[in-house]
Amino acid sequence: MINGLGRMKNWLWIIGLFFVLSLHAEDGHRLWLRMERNALPADVSLSESTERTATLDIASRELKDFWKGEGRVLLRVSKDGVMRDGFTICRKGLDVELSSASDNGVLYAAYDLLRRQQAGDLLSDGVAVTERPSYDIRILNHWDNPDGTVERGYAGRSIWKWDELPETVSPLYEEYARANASVGINAVVLNNVNAKPQMLSTGMLRKVAVIAEVLRPYGIRTYLSVNFASPKALGELSTADPLDEDVQRWWEKKAKEIYRLIPDFGGFLVKANSEGEPGPQDYGRTHADGANMLADVLAPYGGLVMWRAFVYQAESSDRACQAYEEFMPFDGQFRDNVIVQVKNGPIDFQPREPFSPLFGAMQHTQVMPEFQITQEYLGQSIHTVFLATMWKDCLDAETYRVGGGTVADVTQHRGGIHSRSAVAGVANIGDVVNWTGNDMAQANWYAFGRLCWNTELSAEQIAEEFLKQTFSTDEHFIEPVRQLLLRSWDTAVSYMMPLGLHHIFAFGHHYGPEPWCAPPDTRPDWLPKYYHRADTVGVGFDRTVRGSKAVLQYHEPLATLYGDLETCPEEYLLWFHHVPWEYVMRNGLTLWDNLCYIYNSGVEDAREFVDLWQKVQPYVDTERYEAIQMRFERQALDAEWWRDACLLYFQQYSRRSIPADCPPPVHDLEELMEFRLHLDNYTAADMDKLP
Ligand code: GCV
């Protein structure tokens, strides 16, 4: 018989065991930061002349806890060190010295050293490495709303707990700061570009100040998206006209309040006159008027304005032309502390777009690329798509502007004495335990940081680093999964929108295919038909000189190359041309047959990912293995759905049969049109509905 005390002991034991197990459960929360903690701290100290700071305390603590080297680690901040967050790591015998002109630089050096240790890439004796970041500002844009929802977020709710702040400070904030610092991210916009005016209320700013305080020692500056109509919306003025003196005074007062609370506040991100957001054009003013007014307000504090070029009007005959048309007239008219933030492609984070012509065109304005880490248009938190490959494609593209230069070159160029180069990524982070919904999507957060730090890194290197730190260093795991990641973007493009097709998504949620979608009374440029233009002659958007003339926004030789059907890269064919179904492509097949084969190859690749992942099961913990495998299985089913939807829909126009050696569709068009393939449909019940 077990007495009462014995029973209680048993329960305590069970609870204890549960606690220990849950602590060690592999839930993905540790991201790529999986170093084993030292039993005894490593020997880490500051050089004599280096003064202690909160940032150096973090660098010391990380190295004491996780550096396995036997020698001494010396941290040195000196004015002879590398500037702008850069650093040198030098190994002498067993000792290592980390030096920089700033404490942030030393922190980045500490994480670099730990990354090398994790990935088995240690420096040999006598070797020194010096690193300098490609961009000064490496910033995450959160599309998080004050009510805790996240626009285009697929990883739970916002990590910012506005209801609890400023009293309760979630431990997530510091973990988040650490993860960012470990990959060199040094700035954060906390809220959605569709900004609520309430973000600038005094109550909210006090909460923002608390988050900024947690982020600061990790070298991270806080920025906010602002609603251009704030002076009106917060109830004080009848206008938000940027040339109105009361409006200017309102912003000056607001800036003073912000900097009193957050002395190192980074600045404002603004989405103006786009998708219904207010802006200077509401008062007959220009983007330059609006941006410069805010820039003047922030200049005394060293603050920046990141002004988005993501603009388009319903009436336009080609949405792809609009950012250029609206911004080029103001090239050279923006203040030094304005950076124009341009999405990587001319439309909107589509699976594959040519680079935005604005990068090459704006020669007298500081321009920064904006990438989307959250996979709004690429399978959200279900599909594995490694985005470093896509971002490299943009960054490495030659713009052919005067003097030449790739997108990376021209955006890293620093125009004026105050200007800083910058690059933004729309975050894929939420409050789910593994941060990004899909464990594999952590790779994109990681890749964004690493690529902004060094645009010369290859996608392959980044994939390998990530996998080694996050899963396993075993070559039997690394080799196949690295290949999978590197193929994953091309695969997704093949089963979603090959050959330059774009924006044929389901309305609103952008998960599944709906090339037919045409709800009544909807803006034409929000509908797939506006983009694919399929008819009985062919498919694709004519952006040549005979069409919308978008090709002319590129410098030569690109304008001619893209504008000629015979020379246009096939990956952009239907982006720039309306191509007859029977057009014979470079491989000798017709456009229609090619389309069928490419869609099908995407499906086959997605199926192969399921098998490939199964083969590496021995190297992955059960929890993450299963969560990822379930997603690969769904991805393969979705790929089939995409292929059938697009081919059966376009077949109505091409009136050609699917080649005999291509597997016939699994679904029929009616059924595809009835069931809206959606992330939320993927409950067990809805999976059953799938044929
Ligand atoms: C934040 C696309 C997205 C919107 C987003 C917008 C933008 O249109 O679907 O959710 O709004 O881009 O980048 O401003």
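How much area do domain 2 and domain 3 bury between them? In this predicted model, the two domains bury about 2500 Å² between them, with 58% of that area on carbon and sulfur atoms.

**View 1. Domain layout of the predicted model.** The domain assignment of the protein places domain 1 at 44–131 and domain 2 at 137–457, while domain 3 is made up of 493–541 and 578–689. The centres of domain 2 and domain 3, taken over C-alpha atoms, are separated by 31 Å, and their contact draws on 26 residues from domain 2 and 29 residues from domain 3.

**View 2. The interface of domain 2 and domain 3, seen through its polar contacts.** Across this interface there are 17 residue pairs in polar contact, both residues of each pair being at pLDDT 80 or more, whereas the count of salt bridges found by the rule is zero. The side of domain 2 that touches domain 3 comprises nine nonpolar, 11 polar and six charged residues.

**View 3. Surroundings of the ligand.** The ligand has 15 residues around it, of which Glu151, Lys271, Arg308, Lys343 and Glu376 come nearest; by class, this shell divides into four nonpolar, three polar and eight charged residues.

**View 4. Polar side-chain atoms beside oxygen atoms of the ligand, including one of Arg308.** An N or O atom in the side chain of Arg308 is 2.7 Å from a ligand oxygen atom, a polar side-chain atom of Arg152 lies 2.9 Å from an oxygen atom of the ligand, and for Asn194 the corresponding distance is 3.3 Å. The ligand taken alone exposes 340 Å², and the protein buries 96% of that area.

Definitions and conventions. Residues numbered from 1 in each chain as written. Predicted model: local features only at pLDDT ≥ 70, side-chain atom pairs only at ≥ 80, totals over all residues. Heavy atoms only, no water. Domains from an automatic or database assignment. Contact = heavy atoms within 4.5 Å. Buried area = accessible area lost by both parts, 1.4 Å probe. Salt bridge = Lys/Arg side-chain N within 4 Å of Asp/Glu carboxyl O. Polar contact = N/O pair within 3.5 Å; in protein donor to acceptor, adjacent residues only side chain to side chain. Nonpolar A, V, L, I, M, F, W, Y, C, P; charged D, E, K, R; others polar. Near = heavy atom within 4 Å. Areas by Shrake-Rupley, 256 points an atom, 1.4 Å probe, with all protein chains shown as cover.
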